[in-house]
Amino acid sequence: MTGSGDGNGAVSRGTENRARLRPDDRDALRAELRSVSTELEFPVAFGGEVADGGVRLTECFGALTQRLHNLEVREGKGLGGQALAFGKPIGVADYSAARHITHDYDGPVKAERLSAVLAVPVRVRGKCRAVLYGAIRQRVGVGDRARDSLVLAGRRLAAELAVRDEVDRRLSMAETIAATSRPEVPDVAKLEELRSVHSELCAIAGTVEDSALRGRMYEVAQRLADLRSGETEPPPEFRLSRREIDVLAQVALGCTNAEVAERLSLSPETVKAYLRTAMRRLGAHTRHEAVVRARSAWLLP
């Protein structure tokens with residue numbers, strides 16, 4: 001019972017750490033809306049995240065009042081609600097005269113004197129995660145340039161959220177494995193999956209800008225590398241840099257130098273330099289021997 005409790009506690013703490021270290025998604029949303037408003041295509045830009053069947057408008061640029069702030073837009077209601085419901089951009093040239101939308105939010109819209117409005121859903125793996133709005137106070141059609149600007153912002157935000165989701169998924173998988181005390185690895189397939197998770201985690205960590213989250217990911221990756229089935233002998237002591245281990249982790253999966261470079265966002269020459277240094281420190285003469293020695297030293301799973 002005690003061991004089970006400890007494991008659950010470790011997983012719970014891992015979940016809490018991920019929630020604390022993941023950057024606030026509203027920061028990314030805010031940055032995209034700011035870029036749209038500064039390009040002057042839309043004098044007013046606002047939006048929010050999707051939750052509980054609607055959108056809460058938390059970010060706004062160019063507003064005259066506070067009427068839009070924290071406004072709850074329900075699915076199917078108004079312009080943004082339709083964009084959420086149908087999963088595609090919805091726009092009007094004259095909001096007050098538009099007949100194909102409900103007018104549940106006329107008060108805030110009229111207070112801002114908005115006329116032309118475009119709402120763009122931000123979809124990640126088929127699910128709407130946020131809605132971005134661009135608005136103009138004149139009765140003019142939204143031009144292609146303005147529309148493209150807002151749609152592109154939505155795509156950038158979707159890509160950023162997808163990366164963050166993948167980081168969370170990999171951390172969750174890795175922490176679940178690492179929370180198990182000395183697990184048995186009954187077959188090659190499971191061992192290779194463990195190595196694949198470790199390698200992917202290292203590759204993603206190398207592209208994460210947030211230092212706290214990056215450090216947490218490397219910590220979990222090291223816990224994965226430390227897992228052994230019944231081994232009690234202390235490993236040989238080798239010292240490799242974080243990047244040298246990252247490169248070896250990709251090599252261990254059979255990646256070529258070019259593939260390693262692409263996965264770690266490095267140049268092929270830089271990959272070669274890291275690999276040469278790692279081989280020298282490990283006393284290895286080939287890539288394969290370097291991987292074997294790194295595994296013996298518990299630097300790789």
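The expected span of a helix is 1.5 Å times one less than its number of residues. In this predicted model, helix α10 covers residues 268–282, which is 15 residues, and reaches 21 Å from its first C-alpha to its last, close to the 21 Å expected at 1.5 Å a residue. Just after α10, G283 takes a positive phi of about 70°.

The buried residues of α10 are V271, L275, T277, A278, M279 and L282. An α-helix has 3.6 residues a turn, so residues three or four places apart point the same way. The buried residues of α10 pack against three helices, namely α8 (242–252), α9 (257–264) and α11 (287–296).

The next part to follow is the sheet. Six strands form an open sheet, and their order is β3-β2-β1-β6-β5-β4, with antiparallel pairing. At the edges are β3 and β4, each of which pairs on one side only. Neighbouring strands of this sheet are turned by 25° against each other on average, direction ignored.

At the β3 edge, β2 and β3 run antiparallel and are joined by four bridges. R56 has E72, in β3, as its bridge partner. Two helices can be placed relative to the strands. Helix α2 (residues 25–38) lies across β1, β2 and β6 and runs at about 155° to β1. Helix α3 packs on the sheet, where it touches β1, β2, β3, β4, β5 and β6, and its direction makes about 30° with that of β5.

The sheet also leads to the nonpolar interior. The largest nonpolar core has 24 residues, and F46 and Y133 are those with the most contacts inside it. Two or more residues each come from β1 (44–51), β2 (54–61), β3 (71–74), α3 (78–86), β4 (90–92), β5 (116–124) and β6 (127–136). The most is given by β6, with four residues. A second, separate core has 23 residues, among them V260, L264, M279 and A294. M279 is also one of the buried residues of α10.

Cysteines are the last topic. A disulfide is a covalent bond between the sulfur atoms of two cysteines. With a cut-off of 2.5 Å between cysteine sulfur atoms, the count comes to zero disulfides. C60 is partly exposed because its relative accessible area is 30%, and the limits for that class are 20% and 50%. C128, with a relative accessible area of 9%, is therefore buried, as the limit for burial is under 20%.

Technical notes: Residues numbered from 1 in each chain as written. Predicted model: local features only at pLDDT ≥ 70, side-chain atom pairs only at ≥ 80, totals over all residues. Heavy atoms only, no water. Core = buried A, V, L, I, M, F, W, Y, C linked by side-chain atoms within 4.5 Å. Buried < 20%, exposed > 50% of the residue type's maximum accessible area, 1.4 Å probe, protein only. Contact = heavy atoms within 4.5 Å. Pairing = 2+ DSSP bridges. Axes fitted to C-alpha atoms, helices over the stretch in contact; angles between N-to-C directions.
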